[in-house]
Amino acid sequence: MSTTRTTVLSRRGLLAAGGALGLGALLTACGSGGSSGSGSDDGSGNGRGKSGPWTFKDDRGTTVKAGSTPKRIVAFTGTAAALHDFGVECVGVFGPTTLKNGKPDPQAGDLDVAKLKVLGNTWGEFSVEKYASLDPDLLVTNMFEPGALWYVPDDSKDKILGLAPSVGLTSARVSMLKPIERYAELAASLGADLKAKKVTDAKARFEKAAETLRRTAKSHRIKVMAASGSADLFYVSNPAVNADLMYFRELGVDLVVPQKLDKGGYFESLSWENANKYEADLILLDSRTSALQPKDLAAKPTWAKLPAVEAGQVSPWLSEPRFSYAGCAPLLENLAAAIEKAKKL
């Protein structure tokens, strides 16, 4: 098995189960620097008439500065999708963007991927040449470990971070509301109107969905397990780390807490022979393209014999959310519906 493939398999567990094997190897170090270009609207969709110096303190504690508000923004795909929901457009993306059939990856959200320059579609792919050709003003991505910029490859990070300032926003070990609020703050600094109807409607939908989930979790007391499957391992998430699972717990969802956590504390990895270690009435199964889906797992005897699987109580889980009200509201709605439908086993 190649090193790249091993990394991808480990990545499946990172968010689905809440971590990654060899986190230091998977997550790259941070950096910032450079200055932005002109403050005029260059067709990027971010021209708001703002002028003068721009600053933003990111979650590394770094105050990122530019001579004017960045317009030509490049971001991790899920990050770009979140910014889009708040009204800020990017010119380029990196990370899972398109599927093999050409359709947008779920992490792309409502992005029109045909209009974006894709610098890399899988882990380890990031074309420095394409990035430089975009004349970027700013790079934005998530951080699942402090200071580690998500999907910025370690072997080319110095070149990448030397071309434009960068912003990293924390996406783990804080409840889901925090990253959403931080993305809103960043979007506002970039010229987004947070009072726009699209944004306020999405926030209202999110708040309604949260209250629905709270009521449903209280009236339907079932045990929920968030998990991800790879060819060799079954990952059980630690709800004390994933931002979405932390928020689900705050709303009253009773989530399985794994006992023997892997390095980093994100998840417990189980051999398939031990996949039945924890009892659950409902399984939230990682729906990312890097993780095995029910049809892929059907041939594994221990999976097929799990009570929740036998009862048909398995629900898709987008374990790497896009942190906007529009991106997270459906997650709350879908979980509430799955809990309401599930029976105690």
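This section describes the helix packing, buried elements and salt bridges of a predicted model.

The chain of the predicted model holds twelve helices and 13 strands. Of its 345 residues, 56% are buried. Among the contacts in the chain with a separation of 6 or more, 74% are accounted for by residues 24 or more positions apart.

Helix H3, which spans residues 77–86, is mostly covered, with ten of its ten residues buried. These buried residues are Thr77, Gly78, Thr79, Ala80, Ala81, Ala82, Leu83, His84, Asp85 and Phe86. The elements against which they pack include both strands and helices: strand S3 (73–76), S4 and strand S6 (138–143) on the one hand, and helix H6 (177–189), H7 and H12 on the other. After H3 comes Gly87, which has a positive phi near 105°.

The packing of H3 with H6 was examined further. Two packed helices are described by the angle between their axes and the distance between the axes. For H3 and H6 the angle is about 65° and the axes are 9 Å apart. The two helices are therefore roughly perpendicular to each other, and their crossing is right-handed. On the H3 side the contact is made by Thr79, Ala82, Leu83 and Phe86, and on the H6 side by Ile180, Tyr183, Ala184, Leu186 and Ala187. By class, the contact of H3 with H6 comprises eight nonpolar residues, one polar residue and no charged residues.

A second helix pair is formed by H7 (residues 197–219) and H12 (residues 325–341), whose axes come within 8 Å and cross at roughly 25°. Because the angle is under 35 degrees, H7 is roughly parallel to H12. The crossing in which H7 passes H12 is left-handed. H7 contributes Ala202, Lys203, Arg205, Phe206, Ala209, Ala210, Thr212, Leu213 and Thr216 to the contact, while H12 contributes Tyr325, Ala326, Cys328, Ala329, Pro330, Leu332, Glu333, Leu335, Ala336, Ile339 and Glu340. The residues of the contact of H7 with H12 divide into 14 nonpolar, two polar and four charged. Both H7 and H12 are also among the elements against which the buried residues of H3 pack.

Ile339, a residue of H12 in the contact with H7, is also in contact with Val224. Val224 lies in strand S8 (residues 223–229) and is buried, with a relative accessible area of 1%. Neighbours within four places in sequence being left aside, the other contacts of Val224 are with Val253, Asp254, Leu255, Val256, Leu282 and Leu284. The C-alpha atoms of Val224 and Glu279 are 8.7 Å apart in space, although these residues are 55 residues apart in sequence.

A search of the whole structure identified 17 salt bridges. One of these is formed by the side chains of Arg322 and Asp110, with an N to O distance of 3.4 Å. Arg322 is located in the loop between strand S13 (314–317) and H12, and Asp110 in the loop between strand S4 (92–94) and strand S5 (117–118), so the salt bridge ties together parts that are 212 residues apart in sequence. Arg322 counts as buried, at 14% relative accessibility, whereas Asp110 counts as exposed, at 51%.

A further salt bridge joins the side chains of Asp154 and Lys157, at 2.8 Å from N to O. Asp154 counts as partly exposed, with a relative accessibility of 46%, and Lys157 counts as buried, with a relative accessibility of 14%.

Within helix H7, the side chains of Lys197 and Asp201 meet in a salt bridge with an N to O distance of 2.5 Å. These two residues are four residues apart, about one turn of the helix. Lys197 counts as exposed, at 60% relative accessibility, while Asp201 is partly exposed, at 38% relative accessible area. Elsewhere, Asp59, Arg182 and Glu185 are joined into one network by salt bridges that share partners.

Key
Residues are numbered from 1 along each chain as its sequence is written. This is a predicted model: local features need pLDDT of at least 70, side-chain atom pairs count only at pLDDT 80 or more; totals for chains, interfaces and linings use all residues. Side-chain values use heavy atoms; hydrogens and water are left out. Axes are lines fitted to C-alpha atoms, for helices over the stretch in contact, and angles run from 0 to 180 degrees between N-to-C directions. Angles under 35 degrees count as roughly parallel, over 145 as roughly antiparallel, 65 to 115 as roughly perpendicular and the rest as oblique. A crossing is left-handed if the near helix is turned anticlockwise from the far one by less than a right angle, and right-handed if clockwise. Contact means heavy atoms within 4.5 Å. Ala, Val, Leu, Ile, Met, Phe, Trp, Tyr, Cys and Pro count as nonpolar, Asp, Glu, Lys and Arg as charged, and the others, Gly among them, as polar. A salt bridge is a side-chain nitrogen of Lys or Arg within 4 Å of a carboxyl oxygen of Asp or Glu. Buried means under 20% relative accessible area, exposed over 50%, partly exposed in between (1.4 Å probe, protein chains only).
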